[in-house]
Amino acid sequence: MNGHTRLVRRNTTYYIRARIPSALVYLAKSVQFNYSLRTHNYYEALEKVRKESYKIDMKINLLRAIDMKIKNGELFLDDTDIDKLVIHKLEEVEKLFENNYEDIADGSFKLDDVKVFSPEKLDKAKQQTIQSPITPELKCVELYIREYFNDLKRDKRSPIQTVKMIGRLDSEDIKIISHPEKISQWVIDTKKVLKGVDAYIDKNTIAIQNGEDVVGINQRVKRCIAAIELAKNTKAIKSSNTQTPWKRVFKDFAEKKRNNKISENSIKENELCLYTAFSILDKQYIENVTYQDCQKLSLLMYKLPKRWNEKYKPEELRELLKTETTNRISITSVNKYLRTFKEFLLYCKKRRFIPESFSDDIEVPKRRDPIKIDAFNREELQNIFNPSFYPPKNSIYYAWRYWIPLIGIYTGMRLNEICQLYVDDVKYLNRIWYFRLTNERSDQSLKNKQSKRLVPIHPKLIELGFIDFVKSIREAKKDRLFYQFEYSSKNHYTHAMSMWFARYLKGLKIEGRNKVFHSFRHTVKPYLRDAGISQEYQNAICGWSASDIGERVYGGEIPIKVLYQEICKLQYPFLDKNLEEIKKLNEK
């Protein structure tokens, strides 16, 4: 047939036929391309065959490239291929860090599942390599590489999609490790860099939780992360042709925090921190922030006066910071302002408003070690609940002094959780009274997701008359249980109780920053443990975060009846006599 060597005619229809080089037949599973051009017209067929020939040549070239990666039935990857493989994993990791930032920061989200060498994956690999000289770690590498190629085949942007009809890259007859006794160097190199990725996951998780920069990353992993950032930044620069007010982005930033159950007070504090930062820099648009600004802010924030926004205008503040200031904010506050600014810029970068978050240029001071809160010992508890000193319950204005410490020692609830209780947060179901701890109202807040829970009311509290107290508050038509407390954005409803209890402890000669109301929470823990209450039930009662992955992922809501049975085991026999005397005194 004149015109084109690949053009053939059968009956009246034109076809294209092209031989596949014999060395590539094992990949293509065929000796030729042969299909109809769907035309009876010679000139139309000639035009089509030229276009189709170009496509066939591209496929053959791709087959040759794949053939270079498969030598004697075994896969072979060079350094560039390994980098692509690592970048593929890091993109998944970075996406999880971005989408779960707040949960990672408070310790409620773990990244074990995304690791290449997680304990669970190593256990599975061990089972598969019992009769093989291949180590579990190398088996994990092999499994991830197959997963990588499968992802490429599903990715429409990948050139691998053009050989989807071959169906070879995820085929079992292409071996990654064909000689277990003689492992290819590229496999060993891949294992090393993938272990570096797992180490990066751990280090970055700790860095987020501590508000620090991640350090000590494998150099190859660091280079791959830089490549990802460069690609993102290039895309952001090309698309960035507007100036975005920081307040506009903050609305989305705040909404994301609300979705993650962050309190409105915390969001307002974030807004004040950002208002302060942008006022110091004299900038309104995110795109105008530079690394010099970040270095400048890291120095000037230490000179910021307390409550500056109540005393000065932004322009006055900028002039003031040029001199030596007095009555400065604490290091803790400096940490809060800079951490918030750093988090916001990171959010802006991930949303493609800016190409760089300047994380390395915002120097957040190291967090001081938190003050260790000690539990009350037996003697101190006997003094606190001494009938001679303990406040009465029948005072109209100060009944909270009687009830709140008792609730603390018999539930382990936090002070704010108790002080913000509403009357309808005390519930009755199936003959069991319980507290409902929630943040549904605007003046209620919880520390974390685990804090939202149901806590059975201990029978000792009921014996002392707590339910009668609740009914009296309801009859008085008060909304909140301890309605005498006034709300503030800083301390919520806890200020009055916190100050009184500190004075009460001081009067009992129980002094020091490590003995406060929160000591009740630390006191409860060992008594729950010694009573034989399992960790799962302790967590459910006190709102502690589960450390066991099975409990975090699969643990459902525990029935209130079960929790009641468990909390009844919490006993303080050495207090029984004191509490009985307190009860008699109040009945008089």
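Here are legends for several close-up views of this predicted model.

A few ground rules first: residues are numbered from 1 along each chain as its sequence is written, and side-chain values use heavy atoms, with hydrogens and water left out. Because the model is predicted, local features need pLDDT of at least 70 and side-chain atom pairs count only at pLDDT 80 or more, while totals for chains, interfaces and linings use all residues.

**View 1. Two strand pairings involve β2.** Strands here are DSSP runs of E with at least two residues, helices are runs of H or I with at least four residues, and both are numbered from the N terminus. Two strands pair if DSSP finds at least two bridges between them. Strand β1 (residues 7-10) runs antiparallel to strand β2 (residues 13-19), with 4 bridges. Look for Arg10, whose bridge partner in β2 is Thr13. The two strands make a hairpin with 2 residues between them, and Asn11 in the turn has a positive phi of about 55 degrees. β2 also pairs in the antiparallel sense with strand β3 (residues 32-36), this time over 5 bridges. There, Tyr15 stands opposite Ser36 in β3. Tyr15 has another partner to spot: the charged end of Arg10 sits over the ring of Tyr15, 4.5 Å from its centre. (A charge sits over a ring if NZ of Lys or CZ of Arg is within 6 Å of the ring centre and within 35 degrees of the ring normal.)

**View 2. Lys48 and Glu44 form a salt bridge inside one helix.** A salt bridge is a side-chain nitrogen of Lys or Arg within 4 Å of a carboxyl oxygen of Asp or Glu; the structure holds 35 of them. For Lys48 and Glu44, the closest N and O atoms are 3.8 Å apart. Both residues belong to helix α2 (residues 42-69), and they sit 4 residues apart, about one turn of the helix. How exposed is Lys48? Lys48 counts as partly exposed because its relative accessibility is 28%, and Glu44 is partly exposed too, at 37%. (Buried means under 20% relative accessible area, exposed over 50%, and partly exposed in between, using a 1.4 Å probe and protein chains only.)

**View 3. Arg441 forms salt bridges with Asp424 and Asp425.** Start with Asp424: its closest approach to Arg441, N to O, is 2.8 Å. This pair links distant parts of the chain, with Asp424 in the loop between α17 (415-419) and β6 (426-429), and Arg441 in the loop between β7 (432-437) and β8 (453-456), 17 residues apart. Arg441 also bridges to Asp425, where the closest N and O atoms are 3.8 Å apart. Asp425 counts as buried because its relative accessible area is 0%, whereas Asp424 is partly exposed at 34% and Arg441 is partly exposed at 25%. Arg441 has a ring partner as well: its charged end sits over the ring of Tyr422, 3.8 Å from the centre.

**View 4. Ile404 sits in the largest nonpolar core.** What is a nonpolar core? Think of a set of buried Ala, Val, Leu, Ile, Met, Phe, Trp, Tyr and Cys residues joined through side-chain atoms within 4.5 Å. The largest one has 61 residues, and those with the most contacts inside it include Ile404, Phe385 and Phe482. Helix α16 (residues 399-411) supplies the largest share of this core, 9 residues. Leaving aside neighbours within four places in sequence, Ile404 is in contact (heavy atoms within 4.5 Å) with Leu415, Ile418, Cys419, Phe482, Phe485, Met497 and Phe517. A second, separate core of 39 residues includes Leu85, Leu90, Ile177 and Leu194.

**View 5. Phe97 and Tyr200 form an aromatic pair.** Rings of Phe, Tyr and Trp (its six-membered ring) pair if their centres lie within 6.5 Å; planes under 30 degrees apart count as stacked, over 60 as edge-to-face and the rest as tilted. That rule gives 37 aromatic pairs. Here the rings of Phe97 and Tyr200 are edge-to-face, 6.2 Å centre to centre, with 75 degrees between the planes. Phe97 lies in helix α3 (residues 79-99) and Tyr200 in helix α7 (residues 185-210), 103 residues apart. Both Phe97 and Tyr200 are buried.

**View 6. Arg307 and Arg431 each have a positive phi.** Most residues other than glycine have a negative phi. Arg307, in the loop between α11 (291-300) and α12 (308-311), has a phi of about 50 degrees. Arg307 is exposed, at 57% relative accessibility. Arg431, in the loop between β6 and β7, has a phi near 65 degrees and is exposed at 76%.
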